Amino acid sequence: MKITIIGCGNMGLIYARAFLKYNIVSKENLLLAEKNEARKQELLKLNIGQVCVVNDARISQSDIIILAVKPQDFNELGRELRQVLSPGNVIISIMAGMKIARIEDVLQQKNIIRAMPNSPAELGMGMTAFTAGRSLSMEQLRKAENLLGTTGRTVFFENEDLLDAVTALSGSGPAYFFYIVKQMVEAGKQMGFDEATSSMLVKQTMLGSFHLLNTADKSLDELIKAVASKGGTTEAALSTFESDGVGEGLQKGIVKARDRARELSSFV
Ligand SMILES: NC(=O)c1ccc[n+]([C@@H]2O[C@H](COP(=O)([O-])OP(=O)(O)OC[C@H]3O[C@@H](n4cnc5c(N)ncnc54)[C@H](OP(=O)(O)O)[C@@H]3O)[C@@H](O)[C@H]2O)c1
């Protein structure tokens, strides 16, 4: 297998490392096209693939090309990349909000897959949703899924519009989680703990609770009820959250993120 990653910033590097870790590609067959000079030097030092430029003729022999640049860099990149593509290349874009039709148009190329990963991909615990243009064969989709799966779980959606909701839910999701953790740590500090102690109490609670959620044969409501006895402390917190609209606010924020993803995709 020959793979090219275009844009080796945070996400590009995560994919390069994951592909090598699972022996999907050898360093010799992994092209890393990067524009940023400092980043290029870092990649050369890391020695994890062949560092190249975006109009390198070898790119045309890639089975899969991953586009991991920011959406605003795509137009300029597309004009150069178009020159070296061949019809057999399958392209996986992870650019937020960039529609398949637009990528096809700029690159003058079919076989486009659009994927939305999230940051736990770095640990192989990511959640990636993807969708594909009509021209892709089952074989090409399967190969792409194997690649995306090196960073965690994958799910395929037929309907590309759902990728905006994915962006809002799992793409941005890690930030919501960190936000909630931050509020809990702050509450701990208000009650007299130092940052480190409060952080330990909260992080271990989140870790254990996640595993309970994943293994217990109980619904979310039952899990909540098991902690919140009538008239007790948890109930005091939960009823304050309810009366202050905390849950509703979170839901509203996430839907707003979906709307913003839609809005942004109409600009790019
Ligand atoms: N980070 C996340 O958690 C996450 C999650 C889901 C999706 N995404 C998507 O993944 C993409 C990459 O995000 P990121 O956080 O990895 O960004 P990033 O760290 O900025 O990486 C992008 C890299 O591509 C380089 N680049 C720009 N134009 C180029 C070109 N023409 N040829 C070669 N390289 C070029 C950039 O160089 P310069 O720095 O010089 O511009 C930068 O080093 C974005 O489209 C984002 O929407 C990110």
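**Close-up views of a predicted model**

**View 1. The two domains of the predicted model.** The C-alpha centres of domain 1 and domain 2 are 34 Å apart. In the domain assignment, domain 1 covers residues 3–158, and domain 2 covers residues 173–265.

**View 2. Where domain 1 meets domain 2.** Six residues of domain 1 make contact with five residues of domain 2. On the domain 1 side of this contact, two residues are nonpolar, three are polar and one is charged.

**View 3. The residues around the ligand.** The ligand has 27 residues around it. Those that come nearest are Gly7, Gly9, Met11, Asn36 and Ala96. By type, the shell is made up of 13 nonpolar, eight polar and six charged residues.

**View 4. Helices that supply the ligand shell.** Helix 1, residues 10–21, and helix 3, residues 74–81, each give at least two residues to the shell around the ligand. The largest share comes from helix 1, with three residues.

**View 5. Helix 6 and its surroundings.** Helix 6 runs over residues 162–171. Eight of its ten residues are buried, so helix 6 is largely enclosed by the rest of the structure. A residue counts as buried here if 20 or more other C-beta atoms lie within 10 Å of its own.

**View 6. The buried residues of helix 6.** Leu163, Asp164, Ala165, Val166, Thr167 and Ala168 are among the buried residues of helix 6. Ser170 and Gly171 are buried as well.

How values were computed:
Residues numbered from 1 in each chain as written. Predicted model: local features only at pLDDT ≥ 70, side-chain atom pairs only at ≥ 80, totals over all residues. Near = placed C-beta within 6 Å. Helix = DSSP H or I, 4+ residues; strand = E, 2+ residues; numbered from the N terminus. Nonpolar A, V, L, I, M, F, W, Y, C, P; charged D, E, K, R; others polar. Domains from an automatic or database assignment. Contact = placed C-beta atoms within 7 Å. Buried ≥ 20, exposed ≤ 12 C-beta atoms within 10 Å, placed from the backbone.
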